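Student: Could you pick one part of this fold and take me through it closely? Then work outwards from there, and keep it informal.

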Amino acid sequence: MVNDDMPMKYNASFLSGASAQWREIRYFSSVTRTYRRANVILPCGYTTKKYYPVLYLLHGIGGDENEWKAANPEVISANLVQEKKASEMIIVLVNARAGKDAHVPENLFSIEHFRAFDAFREDLTECLMPYMEAHFPILKGREYTAIAGLSMGGRESLYIGLTKTDLFGYIGAFSPAYGLIPYTNHGITENGLLGEAGLRLSREHEQDTLVMIVHGTADTVVWDQPIHYHEILERNGTDHMFYLTEGGHDFTVWSNALYVFLQNIFKE
């Protein structure tokens with residue numbers, strides 16, 4: 001599904017004096033055998049007497065749990081909630097690099113680095129999600145759980161979301177990077193995490209899962225890869241949202257993508 005009427009503008013400042021709460025957490029990962037960090041955004045008026053849906057938000061290849069702060073996701077979310085265009089939710093800014101060393105390596109483009117991102121699927125589902133459910137009032141169930149990311153985080157969001165449809169009811173990929181289907185780029189060749197046949201929703205959840213892909217028309221990093229993913233999903237019969245927007249491989253695209261995504265998740 002291509003929607004050319006997506007709203008692309010968002011308010012860059014709070015509409016009221018209310019503000020979200022930020023918390024930094026540390027959880028133990030049985031995948032990396034280390035303690036790992038994440039940032040948690042709690043909605044305005046947060047209370048432990050209420051349960052909330054949750055969005056896990058993934059960064060790009062050179063980022064970490066702090067990269068999304070550049071987009072002010074707490075502002076975008078708070079304004080949408082106040083305008084009654086989005087649901088109250090908990091947003092978790094993760095470190096999607098699930099290796100023993102969580103720091104950004106000097107060489108971003110290596111198979112070892114990519115594998116650390118791929119390993120985040122198990123770190124997320126086996127370690128971080130149980131931690132969040134044990135320490136915060138989170139609604140359980142795929143209908144209350146979303147995943148989204150930019151660039152490399154978009155690749156991983158599609159990979160995790162499409163292979164774990166029992167856990168995620170909403171999947172957002174903003175300028176998703178190479179890696180889901182066979183490719184060669186930056187001197188690296190991969191067979192693809194899913195392949196063309198696997199780039200689809202499971203039959204069980206093809207009618208009740210939101211998949212959204214966004215692509216910047218001036219992107220010179222992932223080029224037309226997001227369009228290829230969109231075309232494969234179409235050929236595979238997987239209904240999804242897809243739109244092009246002005247901008248490159250940057251937060252001009254990603255901030256607006258988040259703005260649109262938040263308005264389409266956790267709907268009654």
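Tutor: Let's go with helix α1 and ask what sits on top of it: the cover over its buried residues includes β1 (21-29), β2 (34-42), β4 (90-93) and α7 (251-262). Keep in mind that this is a predicted model. How many of the ten residues of α1 are buried? Eight of them are, so the helix, which runs over residues 73-82, is largely enclosed by the rest of the structure. Reading along α1, the buried ones are Pro73, Glu74, Val75, Ile76, Ser77, Ala78, Asn79 and Leu80.

Now the two ends. Coming into the helix, Asn72 sits in the loop between β3 and α1. Asn72 has a relative accessibility of 34%, so it counts as partly exposed. It's also a good place to see the chain folding back on itself: from C-alpha to C-alpha, Asn72 and Ser255 are 8.2 Å apart, although 183 residues separate them in sequence. On the way out, α1 is followed by Lys84, and the phi of Lys84 is positive, near 60°.

Follow the loop with Asn72 back the other way and you reach β3, residues 54-58. All five of its five residues are buried, so β3 too is largely enclosed by the rest of the structure. Val54, Tyr56 and Leu58 point one way, while Leu55 and Leu57 point the other way, and every one of them is buried. β3 ties back to our helix through a strand you've already met: β3 and β4 pair in the parallel sense over four bridges, and β4 is among the elements covering α1. If you want one pair to click on, Tyr56 has Val92 in β4 as its bridge partner.

There's a comparable story further along the chain. Strand β6 (residues 170-174) has five of its five residues buried, so it is largely enclosed as well. Tyr170, Gly172 and Phe174 lie on one side of β6, with Ile171 and Ala173 on the other, and both faces are covered. The partner strand here is β5 (residues 145-150), which pairs with β6 in the parallel sense over five bridges. Within that pairing, Ala146 has Tyr170 as its bridge partner in β6.

Past β6, have a look at Gln225, which belongs to helix α6. Gln225 has 6% relative accessibility, so it counts as buried. Beyond its neighbours within four places in sequence, Gln225 touches Pro176, Ala177, Tyr178 and Ile181. Two of those names come up again at the largest pocket: of its 14 lining residues, Ile61, Phe109, Ala177, Tyr178 and Asn185 lie nearest the centre. The elements that give two or more residues to this lining are α4 (152-163) and β7 (183-185). The pocket holds about 200 Å³ of space, and by class its lining has nine nonpolar, four polar and one charged residues.

With α4 in view, turn to the charges. Where does Glu190 find its partners? Arg115 makes a salt bridge with Glu190, their closest N and O atoms being 2.8 Å apart. That pair links distant parts of the chain, with Arg115 in helix α2 (residues 111-118) and Glu190 in strand β8 (residues 188-190), 75 residues apart. Arg155 meets Glu190 in a salt bridge too, at 3.0 Å from N to O; here the link runs from helix α4 to strand β8, across 35 residues. Arg155 and Glu190 are both buried, whereas Arg115 is partly exposed, with a relative accessible area of 40%. Put together, Arg115, Asp118, Arg155, Glu156 and Glu190 form a network of salt bridges.

One more salt bridge takes you back to α6: Arg235 pairs with Glu196, with 3.3 Å between the closest N and O atoms. Arg235 lies in α6 (residues 225-235) and Glu196 in helix α5 (residues 195-198), so the pair ties together parts 39 residues apart in sequence. Arg235 counts as exposed at 57% relative accessibility, and Glu196 is partly exposed at 43%. In the whole structure, a search finds twelve salt bridges.

Definitions and conventions:
Residues numbered from 1 in each chain as written. Predicted model: local features only at pLDDT ≥ 70, side-chain atom pairs only at ≥ 80, totals over all residues. Heavy atoms only, no water. 1 Å grid on protein atoms, 1.4 Å probe; cavity = no way out; pocket = protein on both sides within 12 Å on 5 of 7 lines; lining within 4 Å. Points joined across faces, edges and corners; volume = space filled by probe spheres on them. Nonpolar A, V, L, I, M, F, W, Y, C, P; charged D, E, K, R; others polar. Buried < 20%, exposed > 50% of the residue type's maximum accessible area, 1.4 Å probe, protein only. Contact = heavy atoms within 4.5 Å. Salt bridge = Lys/Arg side-chain N within 4 Å of Asp/Glu carboxyl O. Pairing = 2+ DSSP bridges.
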